[in-house]
Amino acid sequence: MDIGTYQKWVRDFDRERGWDLCLPAEVFVHFLEEAGEIARLVLALEGYREVTPAEAEELRPRLAEEIADAITFLIKLAYLYEVDVAGGLARNMAKCGGRYPSAEAPGAVLTYLRRHREELEQFLRQYRERFGEETE
Ligand SMILES: [Mg+2]
């Protein structure tokens, strides 16, 4: 499905229900609510939050659902301001292609990984100073 078709469907769906009369600020807060739901699932997928095996089975399908919810609220915000999402995405593709040439990306990723490795090694040193050597 193309994004323009989805944007039109959302606008028509909302108009039939009067939901196009909601304030953009409240639509944006709903988007943030959905972003929070995505955050909880990402924390679970990363192992930061413990989940039961049954919950673990549902994490990815629920993530897909929450991402769709979040995108839908952004699309609602776009139509309330008469913003063409498909056009914006096309311009973004051109902007990103110019700003982040693929030849330079691996070096930037390596810098990013090394910085986080240094941060994690620093946290491990601090852990050992407080609690002794890790036992695992
Ligand atoms: Mg949701």
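Helices here (DSSP runs of H or I, at least four residues) and strands (runs of E, at least two) are numbered from the N terminus. Keep that in mind as you click around, since A90, for one, lies in helix α4.

This is a predicted model, so local features need pLDDT of at least 70 and side-chain atom pairs count only at pLDDT 80 or more, while totals for chains, interfaces and linings use all residues. Residues are numbered from 1 along each chain as its sequence is written, and side-chain values use heavy atoms, with hydrogens and water left out.

**Stop 1: the whole chain**

Start with everything shown as a cartoon. You'll find 5 helices and 0 strands in the protein chain, in the order α-α-α-α-α along the sequence.

Now turn the model around. The C-alpha trace spans about 65 × 40 × 25 Å along its principal axes. The radius of gyration (taken over C-alpha atoms) is compared with a globule rule, 2.2 Å times the number of residues to the power 0.38. For 136 residues, a compact globule would come out near 14 Å, but this protein chain has 21 Å.

Next, switch on the surface. Accessible areas come from the Shrake-Rupley method with a 1.4 Å probe, and for residues only the protein chains shown count as cover. The accessible surface comes to about 10,800 Å², and 58% of that belongs to carbon and sulfur atoms. A residue is buried under 20% relative accessible area, exposed over 50%, and partly exposed in between (1.4 Å probe, protein chains only). Buried residues make up 16% of the 136 residues.

What about contacts (heavy atoms within 4.5 Å)? Of those with a separation of 6 or more, 70% are between residues 24 or more positions apart.

**Stop 2: colour by charge**

Lys and Arg count as positive, Asp and Glu as negative; His and the chain ends are not counted. Each charge is placed at NZ of Lys, CZ of Arg, CG of Asp or CD of Glu. The chain has 18 positive and 27 negative side chains, and the centres of the two sets lie 5 Å apart.

Side chains of opposite charge can pair when their charged atoms come close. A salt bridge needs a side-chain nitrogen of Lys or Arg within 4 Å of a carboxyl oxygen of Asp or Glu. How many salt bridges does that rule give? The count comes to 5.

**Stop 3: select K76 and D14**

Zoom in on this salt bridge: the closest N and O atoms of K76 and D14 are 2.8 Å apart. The pair links distant parts of the chain, with K76 in helix α3 (residues 53-80) and D14 in helix α1 (residues 3-17), 62 residues apart.

Are these two buried or exposed? Both K76 and D14 are buried. K76 counts as buried because its relative accessible area is 11%. Leaving aside neighbours within four places in sequence, show what K76 is in contact with: V10, D14, W19 and V27.

**Stop 4: two more salt bridges**

Select E16 and R17, whose closest N and O atoms are 3.4 Å apart in a salt bridge. E16 is exposed because its relative accessibility is 66%, while R17, at 39%, is partly exposed.

Then jump to E133 and R128, where the side chains meet in a salt bridge (3.4 Å, N to O). E133 has a relative accessible area of 59%, so E133 is exposed; R128 has 30%, so R128 is partly exposed.

**Stop 5: select E34**

Go to helix α2 (residues 24-45), where E34 is found. Which side chain of opposite charge is nearest to E34? It's R62, 9.6 Å away, and E34 is buried yet has no salt bridge. Apart from neighbours within four places in sequence, E34 is in contact with E66, D69, A70 and F73.

**Stop 6: loops and a last helix**

Select G47 in the loop between α2 and α3. G47 counts as exposed because its relative accessibility is 55%. Try the distance tool from G47 to L21: their C-alpha atoms are separated by 40 Å, with the two positions 26 residues apart along the chain counted as their separation.

Move on to E82, in the loop between α3 and α4 (85-99). Phi of E82 is near 55 degrees, a positive value in a residue other than glycine. E82 is exposed, at 75% relative accessibility.

Finish at A90 in helix α4, which is partly exposed with a relative accessible area of 45%. The C-alpha atoms of A90 and D69 are separated by 22 Å, and the two are 21 residues apart along the chain.

How values were computed: Contact means heavy atoms within 4.5 Å.
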